[in-house]
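Work through the exercises below with the sequence and the model at hand. Each task is followed by a solution in steps.

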Amino acid sequence: MTGLWAASERQGTYVLSGQPVADGWDAQLWYSNDARLWQLAALPDQPHIDRIHAIAPTGNGFAALGLELNDTEFLTHALISTDGLAWKVAGSYPGVGSDLAEIDGRLLAFNNDNSKSDPVYSDDDGITWHVVSSPSGLVVADGLLALYETEDYLWALRSDDPTEDARIKTPIELWRTTDGLDWSEVVELPDSMAASKAEIASGPLGWVITARRATFTDYELSNEWSAWSSADGLVWRPAVSAPQYVDQILADDQGFIAIGRDPGKCCVLEESNVRQNIWTSADGRSWHQMSQQGWHGREIDYLTSVGTQLEGVGIDWKFWPSRDSVGWGVAWEANRSDLLP
């Protein structure tokens, strides 16, 4: 695969989406019942799916957003599956679907900011889609950074975008909803400034949020890293230290693990410069970076825990010249105790 775009888990079944070079750059879905051995899932022959940027667990199985690119418009197809193996198209809508969740039986899809399209929802398993018109829903969609689902709520982090204007320093906001349409603001994160990327997770030891503020000044990129912790998701405080380049946070009964790819010290991303970032924390307040030794040109794009084992799926870029979609989609395994904070 050239990269893993999205991942989801439901009751011990795992689904990943990615794009292998060997098969002509078409999107693919992969399935596993143990996060170790993976097999190709069956996508419909038509319509043609170029990208799958979002997967979500549902009450009936899984749903995903498949993007079809053509000369006239971007079309997002709602893909559904009961088992993660066999998929079909339920319905479609115009736009570039980038984020997906289910709350109270309702599918809610947010679209890429560049598409300038409103969020949409479906009450019939993705067959028909309607535009979200509630003022609070549109506020959340404008600057959405991350979605996170718990038993009772769907949570969202949003922020103004500071990338092209470092003067934008409005706080990061945390919102939640019970129906996907009407949202309420929970809190503005204390001592926060507008961010370009953020992640949120919760587990037995509490909640964490990480954020990256990336700004350009005179063509120079500047990064600032922040983190917050909470016991209940409602009251937050800044962390003592923060992990960097976070793409996913895993929370379990021993703490938190944050992973992401460090692009290296270069103005243009080169896969050979990539190093895996692994940070751990026992309480969400103090973070410690694990050694990057042995991770040059390697990355983990999805991390999960199965019992006492950590299972990671990603790419070893040294296999890139082979163009072998099997050979360079790589799985890693580790004992959870090896990554104790």
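**Exercise 1. A residue in a loop**

In which loop does Ala-35 lie? Give its backbone angle phi and decide whether it is buried or exposed.

Solution. The model is a predicted one.
- Step 1: Ala-35 is placed in the loop between strand 3 and strand 4.
- Step 2: The phi of Ala-35 is near 65°, which is positive although the residue is not glycine.
- Step 3: The hairpin of strand 3 and strand 4 has six residues between the strands, and Ala-35 with its positive phi belongs to this hairpin.
- Step 4: The relative accessible area of Ala-35 is 2%, so Ala-35 is buried, the cut-off being under 20%.

**Exercise 2. The strand before that loop**

Describe the burial and the pairing of strand 3 (residues 28-32).

Solution.
- Step 1: Five of the five residues of strand 3 are buried, and the strand is mostly covered.
- Step 2: Gln-28, Trp-30 and Ser-32 point one way, Leu-29 and Tyr-31 point the other way, and all are buried.
- Step 3: Strand 2 (residues 13-18) runs antiparallel to strand 3 and is joined to it by five bridges. Tyr-14 stands opposite Ser-32.
- Step 4: Strand 4 (residues 39-40) is also antiparallel to strand 3, with two bridges. Here Tyr-31 stands opposite Gln-39.
- Step 5: In the loop that runs between strand 4 and strand 5 (51-58) we find Pro-47. The peptide bond joining Gln-46 and Pro-47 is cis, with omega about 0°.

**Exercise 3. Aromatic rings**

How many aromatic pairs does a search of the whole structure find? Classify the pair of Phe-256 and Trp-287, and locate its two members.

Solution.
- Step 1: The search finds seven aromatic pairs.
- Step 2: A ring pair is described by the distance of the centres and the angle of the planes. For Phe-256 and Trp-287 these are 6.5 Å and 45°. Planes under 30 degrees apart would count as stacked and over 60 as edge-to-face, so the pair is tilted.
- Step 3: Phe-256 is in strand 22 (residues 255-262), and Trp-287 is in the loop between strand 23 (275-281) and strand 24 (288-289). The two residues are 31 residues apart, and the pair links distant parts of the chain.
- Step 4: Phe-256 has 1% relative accessibility and therefore counts as buried. Trp-287, at 5%, is buried as well.
- Step 5: Elsewhere, ring pairs link Tyr-148, Tyr-153, Trp-155, Trp-207 and Trp-236 into a cluster. Arg-176 lies over the face of one of them, Tyr-153, at 3.9 Å from the ring centre.

**Exercise 4. An open sheet**

Which strands form the edges of the open sheet of four strands?

Solution.
- Step 1: The order in the sheet is 21-22-23-24, and the pairing is antiparallel.
- Step 2: Strand 21 (248-252) and strand 24 each pair on one side only and are the edge strands.
- Step 3: Strand 21 and strand 22 are joined by five bridges. At one of these positions Ala-251 has Phe-256 as its bridge partner.

**Exercise 5. A cavity and its lining**

What is the volume of the largest cavity, and which residues line it?

Solution.
- Step 1: There is one cavity of 30 Å³ or more. The volume of the largest cavity is about 60 Å³.
- Step 2: The lining consists of Lys-197, Ala-198, Thr-210, Ala-211, Arg-212, Trp-225, Pro-243, Gln-244, Tyr-245 and Val-246.
- Step 3: Sorted by class, six of the lining residues are nonpolar, two are polar and two are charged.
- Step 4: Strand 17 (197-203) and strand 18 (206-217) each supply at least two lining residues. Strand 18 gives the largest share, three residues.
- Step 5: Tyr-245, one of the lining residues, is in the loop between strand 20 (236-238) and strand 21. Its phi is positive, about 50°, although Tyr-245 is not a glycine. With a relative accessible area of 17%, Tyr-245 is buried.

Notes: Residues are numbered from 1 along each chain as its sequence is written. This is a predicted model: local features need pLDDT of at least 70, side-chain atom pairs count only at pLDDT 80 or more; totals for chains, interfaces and linings use all residues. Side-chain values use heavy atoms; hydrogens and water are left out. Rings of Phe, Tyr and Trp (its six-membered ring) pair if their centres lie within 6.5 Å; planes under 30 degrees apart count as stacked, over 60 as edge-to-face and the rest as tilted. Buried means under 20% relative accessible area, exposed over 50%, partly exposed in between (1.4 Å probe, protein chains only). A charge sits over a ring if NZ of Lys or CZ of Arg is within 6 Å of the ring centre and within 35 degrees of the ring normal. On a 1 Å grid over the protein atoms alone, a cavity is a set of points where a 1.4 Å probe fits but cannot get out, and a pocket is an open set with protein on both sides within 12 Å along at least five of seven lines; lining residues have an atom within 4 Å of a point. Grid points are joined across faces, edges and corners, and a volume is the space filled by probe spheres set on the points. Ala, Val, Leu, Ile, Met, Phe, Trp, Tyr, Cys and Pro count as nonpolar, Asp, Glu, Lys and Arg as charged, and the others, Gly among them, as polar. Two strands pair if DSSP finds at least two bridges between them.
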